[in-house]
Amino acid sequence: MPGIAILGSTGSIGRMTLEAVRALGPEYRVVALAAGSRVEALATQAVETGACAVGVADEASARALRKALPEGASPDVVVGPEGLAALASRDDVDVVVSAIVGGAGLPAALAAARAGKRLALANKEALVMAGHLLMAEARAGGAQVIPVDSEHSAVYQAMAGGRREEVRRVTLTASGGPFYRRPDADRDTVTPEQALEHPTWSMGRKITIDSATLMNKALEVIEAHYLFDLSADEISVLIHPESTVHALVEFVDGSVLAQLGPPDMRMPIQYALTYPDRQPAPWPRLDLAALGALHFEQPDVRRFPALGLGFEVVRRGGTAGAVLSGADEVAVEAFLDGRIRFSDIVPVVERVLRTHLDGPEGVQPSDGTDAGPAPKGSRLRKGVQASAWSAEPDLATILAADAWAREETTTCLTRSTFSK
Ligand code: NAD
Ligand code: MG
């Protein structure tokens with residue numbers, strides 16, 4: 001009877017994980033839950049699942065959670081990154097579903113890997129930031145990292161058709177998001193509501209915006225690099241509007257294995273829970289005859305330059321991923337808050353990444369316009385070295401790079417070129 005911890009249980013993946021666990025029946029038991037806020041929903045989940053321990057992001061949420069729990073329900077309440085790391089390492093937890101959004105998920109994912117748990121990983125930002133550390137901790141701790149991201153679950157499944165050294169190339173598919181088919185869409189005036197309308201997947205807010213810029217695919221290229229030890233040349237991306245073929249693995253003999261399924265995250269979630277077994281599932285099935293045709297095309301990296309940044313980060317490695325991830329989180333948040341235009345998200349992330357990789361003098365935006373000098377007040381100007389790229393960073397260096405990227409992005413966004 002595997003004990004499951006669901007971190008990020010009130011989110012899109014978290015709620016679908018609870019559905020999948022329920023559908024699997026009483027052999028699968030939720031022992032711990034955690035979320036950032038939304039304590040009412042968390043309290044309801046805790047009562048419904050009978051979880052022994054519940055984690056929240058801060059003390060205020062912990063107080064609110066204790067109030068929201070009905071009398072008689074008394075799970076352990078833990079707080080903050082350390083509390084969540086402790087949840088992920090509990091003896092009664094066998095599987096940690098890491099479904100927190102953003103860099104906040106990293107400490108608990110590392111703790112689960114260190115403690116030798118099965119890590120069902122949806123939180124791609126943890127890998128983007130610190131993939132080399134997370135995979136090394138998993139190897140040392142004897143943890144299995146089973147991807148939940150649909151493309152990576154597909155690669156994981158298709159890779160079983162051969163040996164790693166027989167793999168020539170992995171292709172991740174991308175729907176293209178809401179604007180790919182609309183070359184005329186004025187991306188300067190797109191509203192958060194429009195960008196949140198994803199054509200095929202229903203997901204949390206950050207990943208939906210990332211899908212619209214194609215930054216999500218950039219993060220997934222980096223994720224694939226760390227999960228499967230693939231070089232940038234061994235990874236490619238195809239636009240596939242039906243989101244039915246999730247990924248393809250090409251072997252040295254030219255044979256290609258693809259994994260298909262409806263765009264329904266409950267499938268890769270269940271696979272990560274039941275692996276290496278497969279269990280019957282009640283979700284709608286793939287109907288290829290109803291779909292009729294599947295389409296594929298090369299991505300337009302000129303219109304969607306985020307994708308190129310993903311490959312660049314794979315080539316450079318080190319702290320580049322933490323900077324890309326931190327900058328993107330801040331930029332997406334600023335767009336959702338109405339502080340910047342949709343069309344500002346990728347340029348600001350690119351600018352911060354270039355400052356990190358090349359220094360303030362080397363900032364050359366890909367559109368050829370003059371980026372001007374490093375922003376006033378930038379920590380670089382003061383000679384602080386937190387921004388310097390490092391090839392083999394430890395955790396402290398990664399967290400410093402992430403913090404620098406967030407601050408640098410915020411500084412860039414206050415400049416008139418990026419704010420509305
Ligand atoms: P979401 O915004 O719907 O949910 C995020 C969850 O994280 C919430 O429960 C929130 O309370 C929790 N959280 C946020 N900050 C926290 C903190 N500091 N401490 C504890 N909990 C915190 O996001 P989502 O769409 O479910 O995505 C979660 C992760 O899964 C992301 O990394 C995303 O890229 C990845 N993913 C999602 C999908 C999808 O279909 N939604 C698909 C593939 C991968
Ligand atoms: Mg995905």
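Helices (H or I, at least four residues) and strands (E, at least two) are DSSP runs, numbered from the N terminus. The model is predicted: local features need pLDDT of at least 70, side-chain atom pairs count only at pLDDT 80 or more, and totals for chains, interfaces and linings use all residues. Residues are numbered from 1 along each chain as its sequence is written, chains are lettered from A and ligands numbered from 1 in the order in which they are written, and side-chain values use heavy atoms, with hydrogens and water left out.

**Exercise 1. Backbone angles**

Task: Place Arg38 and Ser243 in the chain, and state whether each is buried or exposed or in between.

Solution.
Step 1. Arg38 belongs to the loop that runs between β2 (29–35) and α2 (39–49). Its phi is positive, about 35°, although Arg38 is not a glycine.
Step 2. Ser243 sits in the loop between β9 (235–239) and β10 (245–251). Ser243 is not a glycine either, and its phi is positive at about 45°.
Step 3. Apply the cut-offs: buried means under 20% relative accessible area, exposed over 50%, and partly exposed in between (1.4 Å probe, protein chains only). Arg38 has 49% relative accessibility, so it counts as partly exposed. Ser243 has a relative accessible area of 4% and is therefore buried.

**Exercise 2. A cis peptide bond**

Task: Which residues does the cis peptide bond join, and what is its omega?

Solution.
Step 1. The bond links Tyr275 to Pro276, with omega about 5°.
Step 2. Pro276 is in the loop between α11 (266–274) and α12 (288–291).
Step 3. Tyr275 also serves as a reference point for Thr319: the two are 44 residues apart along the chain, and their C-alpha atoms are separated by 32 Å. Thr319 lies in the loop between α13 (306–316) and α14, and is buried because its relative accessible area is 0%.

**Exercise 3. The surroundings of ligand 1**

Task: Describe the shell around ligand 1, its polar contacts, and its position relative to the domains.

Solution.
Step 1. A residue is near a molecule or strand if one of its heavy atoms lies within 4 Å of it. There are 24 residues around ligand 1, and Thr10, Ser12, Gly36, Glu125 and Gly204 come nearest.
Step 2. Sort the shell by residue class. Ala, Val, Leu, Ile, Met, Phe, Trp, Tyr, Cys and Pro count as nonpolar, Asp, Glu, Lys and Arg as charged, and the others, Gly among them, as polar. The shell then has twelve nonpolar, nine polar and three charged residues.
Step 3. Look for polar contacts, meaning pairs of N or O atoms within 3.5 Å; within protein, one must be able to donate a hydrogen and the other to accept it, and residues adjacent in sequence count only if both atoms are side-chain atoms. Polar backbone atoms of Gly11 and Ser12 each lie by an oxygen atom of ligand 1, at 3.0 Å for Gly11 and 2.8 Å for Ser12. From Glu125, a polar side-chain atom is 2.6 Å from an oxygen atom of the ligand.
Step 4. On its own, ligand 1 has 820 Å² of accessible area, of which the protein covers 86% (Shrake-Rupley method with a 1.4 Å probe; for residues, only the protein chains shown count as cover). The elements giving two or more residues to the shell are α1 (12–24) and α6 (124–141).
Step 5. Domain bounds come from an automatic or database domain assignment. Domain 1 (3–147) and domain 2 (152–291) both contribute residues to the shell, so ligand 1 lies between them.

**Exercise 4. The magnesium ion**

Task: Which protein donors does the magnesium ion (ligand 2) have, and what spacing do they follow along the chain?

Solution.
Step 1. Donors are N, O and S atoms within 2.8 Å of the metal (3.2 Å for Na, K and Ca); water is not among the atoms, so sites may look incomplete.
Step 2. The protein donors are Asp149 (OD), Glu151 (OE) and Glu220 (OE), at 2.1 to 2.2 Å from the ion.
Step 3. Along the chain, their spacing is D-x1-E-x68-E.
Step 4. Asp149 is buried, with 7% relative accessible area, and Glu151 counts as buried at 7% relative accessibility.

**Exercise 5. A buried histidine**

Task: Where does His240 lie, and which backbone nitrogen is 3.1 Å from a polar atom of its side chain?

Solution.
Step 1. His240 is in the loop between β9 and β10.
Step 2. His240 is buried, with a relative accessible area of 0%.
Step 3. The backbone nitrogen belongs to Thr244.
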